[in-house]
Every structure is written in C-alpha cells, then in structure tokens.
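Trainee: I am new to this structure and would be grateful for a close look at a single part of it. Could the account begin with the chain as a whole, settle on one helix and what surrounds that helix, and then turn to other parts for context?

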Amino acid sequence: MTASSEDAPTSGQAPAPADPGVATTFASVEDARDRLREVGYLTDDRLATTAFLQSALGKPLLLEGPAGVGKTQLAQSVAAATGRRLLRLQCYEGQDETKALYEWDYGKQLLYTQMLRDKIGQVVQDAPDIASAVDRIASQDSVFFSERFLVARPLLEAITSPEPVVLLVDEVDRADEALEAVFLELLAEFQVSVPEVGTFVAEQLPLVVLTSNNTRDLSAALKRRCLHLFLDYPSADRELEIIRSKDTGLTDALAEQLVGVVRGLRELELRKAPSISETIDWARTLAVLGVTELSAPVLAETLNVVTKYERDLGLATRELPRLVDPNREVPDGRGHGHGHGHGHGHGHSHDDPTPAAAPAAPRTPGDGPDGREVRAAKDAPGRHDEAYYGSPSAGSAAPRKVSSSQGRRSFGRGARKRPL
C-alpha cells in the first residue's frame, strides 16, 4: 500500500501485514540484483551494491539525478522485493511539518471537550477562584494531548509502525530548508520528538529512500547522514533490456533503433529530456500503431509522447531525420549552387592547389552571348577614350592652375566654415 502525505494511515489503523515468506533485507549483492529483477527493476552492479549496503547498514539512501531515471521506482521496487509496506512523503514548496511529521486532531479534541463538558464542570465547581480553576484544567492537558489525538504523518508513521516499512521522501529538493532540517533527527537516530508527548523511537528500522532532481543543493548535514548514489540515464544496452522486459510489443530491431533516437534527443538542448518511462510509452505507442519501420515522419507524428514543451517539439522535429539516419548526406553549405541555373565548372580538385583550365562546353546559337567573351571585351585596350581617367593622355595632362586671389578666398580667415 502506498500512502502519501495527505492520506497516510494514522497510528490507530492496523497496517497490512508483511509477507512472512519474504526476507525484509537483502542477503548479498546478487540477492539484491535478482530480487529487484523479479519485480521488474533491472540494476547494474553499482546500483545493486548500493541497495544491498542500505539494507545491511540500515542507513538512509539519497538518490540524485535527472527526472525520469528510476529513482522513485527503485524505492517502490525495494518495497516490493522485501515485502515491506511503502510510505511516501511527496515534498513540495511551502510544505510544513504538520504534513510530514504529525498534527493534532483539533476536531476530535473539540468533540471530546463538548462531550465532557459536565465532567469538566465538576472538576472546577468547587475552585475558590479563577486561577485555581485554570490550574485544575491545566493538570488535565495530557488527556487531550496524547496519542489518542495525535495524527501520524508519513515520518512518524514510519517510526511507530510495528512492521518494517520503506519510507520514500520524494523530491526532497522541493521542500523548504526548514522542513529539510526536520528530517535530520529521523535520518540520524530514527526517532521523532513530539513536545507534548515525548520521543518516539523506531520499533523496526525503516529503509529510508530520499530522491532529488537537483533543483537546489541539499545541506551537507542531510547528505552526511545518507548513503549517496547518482542515477543517470542507463547505457543503450541496459535501456534496450528495460524496454524488452516491459513487453511493449515492439520488435527488437525497432526497439534498438528507437533507443538510439531517444539517446540522440537527450543530447539536444531540450527543456525536458525524455525519461525511461516515456521511452517505454513511445515504444508501446508505435507498437499499437502497427509501425514496421521507423522513419522521421512516423516518429514526428508521435513525438508528443516524449516531448512536453512546444520548443522541444520543434527542435526535436528538425533533428529527427538526422537521428533516424545518422549516415544521410547533409549539404555542408560550401557548394556554389545558387539556384540561378549557371554552372561553374572549376575543374580542379581540393587536393591540387593549381586550378586546371576547364574545357569550354559546346555552345549553340540559342545560348546567348558567351560570358567569357563579354568579360574579355571589357579588358581590351582602347575601350575608353582619351578623356577617361587613367588613360595615357589623362595621365600626362598639365595640372590646373589656381590664382592667388582664389586661394585667399578659399583659405582665408574670413572663409565660410562648414556647419558641424
């Protein structure tokens, strides 16, 4: 049974008993790997070793990594593999300890107060003054602030549970730092203090799993109390093995090609990279559609299964042809094809720095003027007359004479200045 912070069973409810035929801890690394595989969670050596160490040492486990790599699923699988009950605390911004630790059932306290009104009257009826009456009522505080009126939330429920449980504190990085400090006592001593009642110490040590998507840095005090494991996206072989184990209906060849496309999408600058669960959903979608060949148009039609933002969808759609066929030839932009219909036959290779003369193509009368002939005519001597700048006669012309009076008018003190 999975309980969130909103619907966690109170301590007065009888929890579902654990399966007596299932060991609540892992005996070895191989045992952890095999039992997690039996419940559908495939692990590598590092992950299996960490799961065994958490079970053997009894320390909390902090899982960090991007969203969708199986952090939450690991806690659920550990609970299934060990026969423990799963308690889940989903963290969010602004959450206070009353949703994580405990709270008082004020409605129940008020109801009991109304029912015991006559009895309370009897307690204070012979009090000589108000101060004495208050003292007599205060002496009964422990009646109304007792476990009878205490509502246990996931953290306290994990401590007071008479059977072994798995406590999942999901997305602890979303919780405020004040709530993060509340976790420290539980993670260090496996106990919870209630000022009005006292300290509750764990009857059965829970397996505590905390997950974080790294939206903020966690405190060193919290990390120090935990085993730490960073979960990243799996290798291509293991992700393909995961897809096969989920019986998606997609053939092995298409599943292998799909894994390659998904891994290519994760390398793009997407706001949200495709998760493992979304890859499984995509495989099932393609299988339901009866796809027998992966192509860019087919994948583009179902791309919304793994992309959740419009910008990501556009970027992924543009990159799909390259991801589907990495060996396809893509124009590199260095050619001279301008689309104007004139071919430039260079006739030389890139390895030879000396360009070879291109043979002239045969021309027909309807082809129009030859461009090379037109350019040669422009360079022919005598094209311009003698008055053109740079001609021999222009170069030998005498300089123009300027009179002294004209110079004084132009450069004298009274000359008109140009406006700035």
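Mentor: The following account goes from the whole chain to helix H9 and its surroundings, and then to some other helices and loops.

The model is a predicted one. The protein chain has 18 helices and ten strands. Of its 420 residues, 36% are buried. The accessible surface of the chain amounts to about 25,700 Å², and carbon and sulfur atoms account for 52% of that surface. If one takes the contacts between residues at least 6 apart in sequence, 73% of them join residues at least 24 apart.

The part chosen for the close look is helix H9, which covers residues 177-189. Its buried residues are Leu 179, Glu 180, Val 182, Phe 183, Leu 184, Leu 186 and Leu 187. As a general point, an α-helix has 3.6 residues a turn, so residues three or four places apart point the same way. What do the buried residues of H9 pack against? Their partners include four strands by name: E3 (85-90), E6 (165-170), E7 (191-194) and E9 (207-212). The buried residues of H9 also pack against two helices, H8 (154-160) and H10 (220-224).

The residue just after H9 deserves attention. Phe 190 lies in the loop between H9 and E7. Its phi is positive, at about 55 degrees, although Phe 190 is not a glycine. Is Phe 190 buried or exposed? Its relative accessible area is 8%, and because the limit for a buried residue is under 20%, Phe 190 counts as buried.

On the other side of the helix in sequence is the loop between E6 and H9, and Glu 171 lies in that loop. Glu 171 is likewise not a glycine, and its phi is positive, near 55 degrees.

Glu 171 leads to a cysteine elsewhere in the chain. Cys 91 is placed in the loop between E3 and strand E4 (102-104). Along the chain, Cys 91 and Glu 171 are 80 residues apart, yet their C-alpha atoms are separated by 5.7 Å. Setting aside residues up to four places away in sequence, Cys 91 touches Val 169, Asp 170, Glu 171, Val 172, Arg 174, Ala 175 and Phe 183. Phe 183 is also one of the buried residues of H9, and Cys 91 therefore has a contact with a buried residue of that helix. Cys 91 is itself buried, with a relative accessible area of 2%. Cys 226 is buried too, its relative accessible area being 9%. How many disulfides does the model have? The count is zero, because a disulfide requires a pair of cysteine sulfur atoms within 2.5 Å.

Other helices provide context for H9. Helix H11 (residues 236-245) has the buried residues Arg 238, Glu 239, Leu 240, Ile 242 and Ile 243. These pack against helix H12 (252-266) and helix H13 (276-288). Just after H11, Asp 247 takes a positive phi of about 50 degrees.

Helix H15 spans residues 310-324, and Val 324 belongs to it. With a relative accessibility of 17%, Val 324 counts as buried. Val 324 and Gly 260 are 64 residues apart in sequence, while their C-alpha atoms are 8.2 Å apart in space. Apart from neighbours within four places in sequence, Val 324 is in contact with Gln 257, Val 261, Leu 294, Ser 295, Ala 296 and Leu 299.

Leu 303 lies in the loop between helix H14 (296-301) and H15. Leu 303 is buried, at a relative accessible area of 0%. Its C-alpha atom is separated by 7.1 Å from that of Leu 313, ten residues away along the chain. Beyond neighbours within four places in sequence, the contacts of Leu 303 are Leu 265, Trp 282, Leu 313, Ala 316, Thr 317 and Leu 320.

The last part is a pair of helices. The axes of H1 (residues 29-38) and H2 (residues 45-57) come within 8 Å and cross at roughly 105 degrees. H1 and H2 are therefore roughly perpendicular to each other. Val 29, Ala 32, Arg 33 and Leu 36 in H1 meet Asp 45, Ala 48, Thr 49, Ala 51 and Phe 52 in H2. By class, this contact has six nonpolar residues, one polar residue and two charged residues.

Definitions and conventions
Residues are numbered from 1 along each chain as its sequence is written. This is a predicted model: local features need pLDDT of at least 70, side-chain atom pairs count only at pLDDT 80 or more; totals for chains, interfaces and linings use all residues. Side-chain values use heavy atoms; hydrogens and water are left out. Buried means under 20% relative accessible area, exposed over 50%, partly exposed in between (1.4 Å probe, protein chains only). Contact means heavy atoms within 4.5 Å. Accessible areas come from the Shrake-Rupley method with a 1.4 Å probe; for residues, only the protein chains shown count as cover. Axes are lines fitted to C-alpha atoms, for helices over the stretch in contact, and angles run from 0 to 180 degrees between N-to-C directions. Angles under 35 degrees count as roughly parallel, over 145 as roughly antiparallel, 65 to 115 as roughly perpendicular and the rest as oblique. Ala, Val, Leu, Ile, Met, Phe, Trp, Tyr, Cys and Pro count as nonpolar, Asp, Glu, Lys and Arg as charged, and the others, Gly among them, as polar.
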